[in-house]
Amino acid sequence: MRTNPNRRGFLKRTAALAGTLALGGCDRLSEAPWFRQVLDSAENATLRAQRFLLGSSSLAREYTEADLSPVFKANGSTSIEDFDYQTLAAKDFVDWRLQVDGLVERPQQLSLAELRAMPSRTQITRHDCVEGWSCIGKWTGVPLAHVLEQAGVQPQARYVVFRCADTLEPTLDGSGQYYESIGFEDAYHPQTILAYKMNGRPLPIPHGAPLRLRVERQLGYKMAKYIMRIELVESFAGISRGRGGFWEDRGYEWYAGI
Amino acid sequence: MVEQPRIFIRRHSVLVRVTHWINAGCLLILLMSGLQIFNAHPALYWGQASAFDHPVLALTTTSSDESGIRGVTRFFGYAFDTTGVLGASPSPGGVMQVRGFPSWLTVPSYQDLATGRRWHFFFAWLLVLNGVVYLLYSVASRHLMSDLVPTRPQLRLIGHTVWEHLLLRFPRGDDARHYNVLQKLAYLIVALVLLPLMVLTGLTMSPGIDAAFPELLTFFGGRQSARMIHFLAASGLVLFVIVHVAMVLLSGAWNNLRSMITGTYVLPGGIHAHES
């Protein structure tokens, strides 16, 4: 078996060229709107399949005290420069009020003490980051369902939007402000709570003090930290870049069940 | 070369051929988008959660003034300098950057977790649907039982077959009408073990699926264990593809390739049929 060195060189160059074209092709396809739409169609398939398999009541696994992560990684914003927030934090959030408005019968202004006086739920659950790591923590908070019932959700409302104090990306138009949204399947789920305690202590600032959301059947980025306002809406198309959340506006799935 | 009558046979059914190539394409994209996703947190742990201080495998970076950034792969506490490939590798423009796997192994080539996930989940759905079609067909048409499950005589002679393969002597004549025992075992392991394992460990990483089927967490020993098994099974598939392609090339590249495209295969005769 003889191989002509020229031929070998030619084959090598062809292979390298094909590789470059294929790679470049994938990059270009990633940026082509029509192809992106094709790829994004998988999210709807996942959403439908998981809604079918999950039903409304299946619970995320709960762990024991022994499983608590010794180090719970804090991701995204871990501190806030904002002066108003700093002022609230300096006084242990006694002046902080959770605003509940939008499509509700009775808009609310709830203090931390009022939230703590409501029925509470404590759960030890696993927090799964979209990056791939997991940590186990103990969360105490008021079921979101309770707060929503108190406010009285209007029938045309379809999403619960969480407005946060942190700006994760400085932008001129304010679209770098963190926000998130969930549907009612998750909002009324028994493990969906507004947590004010983590591992038995007041929620620390890196983890979203004074209040963060827990949506245990989805990924970490859905669980908005530093919540200032809960707004009920019919559509989130008009909010920020219109995809339903800070990371959703940057290409991530609105349904983060996987 | 003595002219011998060439015997053409139908090697692969059209369904096997179509699902084979869809599967091959999916696997390539799933591997490269999977490495993109892995790069977002290039470390593996055993158990339910991540013990950040004790990864089993971690692709890390160190930097110093003299040598710039260097890639360090940590495996069970041992550190290896893997600059250029793992931990730190040059961008397409030639600048050394912090990166788990290098850009030529990921889709997209630049760091973009969101887009990597979009590619991964779309082609994961395609892989699963394709796999379901293939498995249903294989059972219904008896492809599985008659073509893939080894016969007793084949299993008895497995030592001989391994030896022949090591000498690169492949079955010819009537023996080449069927898969040999090593092919059968390799294909069965891929179709019934590795690929289902990929799908199940992938689903175990989903917090939604974990709520619906907590048994998955118990079975794989936790979400982080599932992530590691996902990585290991993917490595197994890469190993399979390397050997598979090598065997295709060594045992009559064109004949094998044609049989998987048109379905037609020429039985290798007594003399080496391909002097290429």
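A residue counts as buried here if 20 or more other C-beta atoms lie within 10 Å of its own. Keep that cut-off in mind; the model on screen is a predicted one.

**Stop 1: chain A as a whole.** Select chain A. Of its 258 residues, 39% are buried by that cut-off. Color by secondary structure and you should find 6 helices and 10 strands. Turn the chain along its principal axes: the C-alpha atoms fill a box of roughly 85 × 45 × 40 Å. Now think about contacts between residues at least 6 apart in sequence. In chain A, 69% of these join residues at least 24 apart.

**Stop 2: the largest nonpolar core.** Show side chains for F162(A), C164(A), Y179(A), L194(A), A224(A) and I227(A). Within the largest nonpolar core, which has 86 residues, these six touch the most other members. Which element gives this core its largest share? Select helix 1 of chain B, residues 14-39: it supplies 8 residues. Domain 1 (8-41 + 106-266) and domain 2 (43-100) of chain B each contribute at least three residues to this core.

**Stop 3: around L194(A).** Center on L194(A). Leave aside residues up to four places away in sequence. L194(A) then touches L115(A), G141(A), V142(A), L144(A), V147(A), L211(A), L213(A) and I227(A). Apart from the largest core there is another, of 6 residues. Select A60(A), L203(B), I209(B) and A211(B), which are among its members.

**Stop 4: where chain A meets chain B.** Show both chains. Here 39 residues of chain A are in contact with 32 residues of chain B. On the chain A side, highlight helix 1 (5-31), helix 2 (33-54), strand 3 (121-128) and strand 4 (134-143); each supplies at least two residues. Helix 2 of chain A gives the largest share, 8 residues. Color this side of chain A by residue type: 18 nonpolar, 10 polar and 11 charged.

**Stop 5: the two domains of chain B.** Hide chain A. Color domain 1 (8-41 + 106-266) and domain 2 (43-100) of chain B separately. Their C-alpha centres lie 29 Å apart. How many residues of each domain are in contact with the other? There are 12 from domain 1 of chain B and 12 from domain 2 of chain B. On the domain 1 side, select helix 1 and helix 9 (223-250) of chain B, the elements that give two or more residues. Helix 9 of chain B provides the largest share, 6 residues. This side of domain 1 divides into 3 nonpolar, 7 polar and 2 charged residues.

Note on methods: Residues numbered from 1 in each chain as written. Chains lettered and ligands numbered in written order. Predicted model: local features only at pLDDT ≥ 70, side-chain atom pairs only at ≥ 80, totals over all residues. Core = buried A, V, L, I, M, F, W, Y, C linked by C-beta atoms within 7 Å. Buried ≥ 20, exposed ≤ 12 C-beta atoms within 10 Å, placed from the backbone. Helix = DSSP H or I, 4+ residues; strand = E, 2+ residues; numbered from the N terminus. Domains from an automatic or database assignment. Contact = placed C-beta atoms within 7 Å. Nonpolar A, V, L, I, M, F, W, Y, C, P; charged D, E, K, R; others polar.
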